[in-house]
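The exercises below ask the reader to work from the displayed coordinates to a description of the fold, its packing and a few individual residues. Each task is followed by a solution that proceeds step by step.

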Amino acid sequence: MIMEKDNEIQDDELLEQESESTEQEEPIEQDESTEQDESTEQTESDVQEQLADLEAQIEDLKDKNLRMMAEFENYRKRTAKEKLELQATAGERIFTDMLSLVDDFERAEQAMATTEDINAIREGIDLIHKKFIAFLADHDVNAIPTEDLPFDVDKHEAITTLAAGDDKKGLIIDCTQKGYTLGDKVIRYAKVVVGA
């Protein structure tokens with residue numbers, strides 16, 4: 001019996017110790033959960049801040065994108081307008097420069113009607129021709145050379161061939177119509193007779 005009582009006392013003591021240790025552990029767990037709650041709140045606030053920053057960046061990028069699109073649209077409209085104006089007035093300079101040649105031809109016609117000196121008329125026509133060739137050269141229009149040169153399909157158009165001997169085979173013998181280039185582009189092919 002005494003032993004049973006001792007055992008009961010020991011059991012009671014053990015129960016008390018366990019309950020005390022449980023009581024002591026519980027507040028520690030509450031402290032940990034409080035710390036977790038605080039860290040979760042901090043994490044959530046950090047996420048909210050980052051989210052707000054990202055949304056601000058998105059709005060900024062949207063604004064920049066809209067501005068760039070508007071600027072590009074204005075640029076496109078402006079260049080289209082300039083292109084139309086350029087097309088409308090592209091030949092103006094050429095025609096303005098050509099007016100002096102028309103004046104020279106009109107003076108030559110008047111001179112032919114009143115003079116009997118054929119040499120003076122010939123000289124006048126020759127001067128107008130030289131002036132017109134210089135006008136073309138000023139506008140980068142040049143005659144395609146043909147005399148005694150090899151036939152070139154990129155610049156010449158053969159209208160016929162003529163037997164001219166072995167030394168003239170493949171060479172241009174005669175040019176029936178001059179060809180012209182504008183810069184590097186052929187605007188009219190030279191019509192030529194090629195030796196066969």
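**Exercise 1: a loop residue and its surroundings**

T146 is placed in the loop between strand 1 (141-143) and strand 2 (156-162), where helices (H or I, at least four residues) and strands (E, at least two) are DSSP runs numbered from the N terminus. Determine whether T146 is buried or exposed, and which residues it touches.

Solution. This is a predicted model, in which local features need pLDDT of at least 70, side-chain atom pairs count only at pLDDT 80 or more, and totals for chains, interfaces and linings use all residues. Residues are numbered from 1 along each chain as its sequence is written, and side-chain values use heavy atoms, with hydrogens and water left out.

Step 1. Buried means under 20% relative accessible area, exposed over 50%, and partly exposed in between, with a 1.4 Å probe and protein chains only. T146 has 12% relative accessibility and therefore counts as buried.

Step 2. With contact taken as heavy atoms within 4.5 Å, and residues up to four places away in sequence not counted, T146 touches H156, I172, C175, A190 and V192.

**Exercise 2: the overall chain**

Describe the order of the secondary structure elements and how much of the chain is buried.

Solution. Step 1. The chain has three helices and six strands, and along the sequence they follow the pattern α-α-α-β-β-β-β-β-β.

Step 2. Of its 196 residues, 11% count as buried. The accessible surface, from the Shrake-Rupley method with a 1.4 Å probe and, for residues, only the protein chains shown as cover, comes to about 16,400 Å², and carbon and sulfur atoms hold 53% of it.

Step 3. Among contacts with a separation of 6 or more, 58% join residues that are 24 or more positions apart.

**Exercise 3: the helix pair and the nonpolar core**

At what angle do helix 2 and helix 3 pack, and which residues make up the largest nonpolar core?

Solution. Step 1. Axes are lines fitted to C-alpha atoms, for helices over the stretch in contact, and angles run from 0 to 180 degrees between N-to-C directions. On this basis helix 2 (residues 92-114) and helix 3 (residues 118-138) pack at about 175 degrees, with axes 10 Å apart.

Step 2. Angles under 35 degrees count as roughly parallel, over 145 as roughly antiparallel, 65 to 115 as roughly perpendicular and the rest as oblique; helix 2 and helix 3 are therefore roughly antiparallel to each other.

Step 3. On the helix 2 side the contact includes I94, L101, F105 and M112, and on the helix 3 side I121, I128 and F135 are among the residues met.

Step 4. The largest nonpolar core has five residues, L101, F135, L136, V141 and Y180, a core being a set of buried Ala, Val, Leu, Ile, Met, Phe, Trp, Tyr and Cys residues joined through side-chain atoms within 4.5 Å. Leaving aside neighbours within four places in sequence, V141 is in contact with L136, Y180, T181, L182 and I187.

**Exercise 4: two valines and two positive phi values**

Where are V193 and V153 found, and what is the phi of D140 and of D148?

Solution. Step 1. V193 is found in strand 6 (residues 190-195) and is buried, with a relative accessible area of 7%. Its C-alpha is 6.9 Å from that of L162, although the two residues are 31 apart in sequence.

Step 2. V153 lies in the loop between strand 1 and strand 2 and is exposed, with a relative accessible area of 61%.

Step 3. D140, in the loop between helix 3 and strand 1, has a positive phi near 65 degrees and is partly exposed at 40%. D148, in the loop between strand 1 and strand 2, has a positive phi near 55 degrees and counts as partly exposed at 42% relative accessibility.
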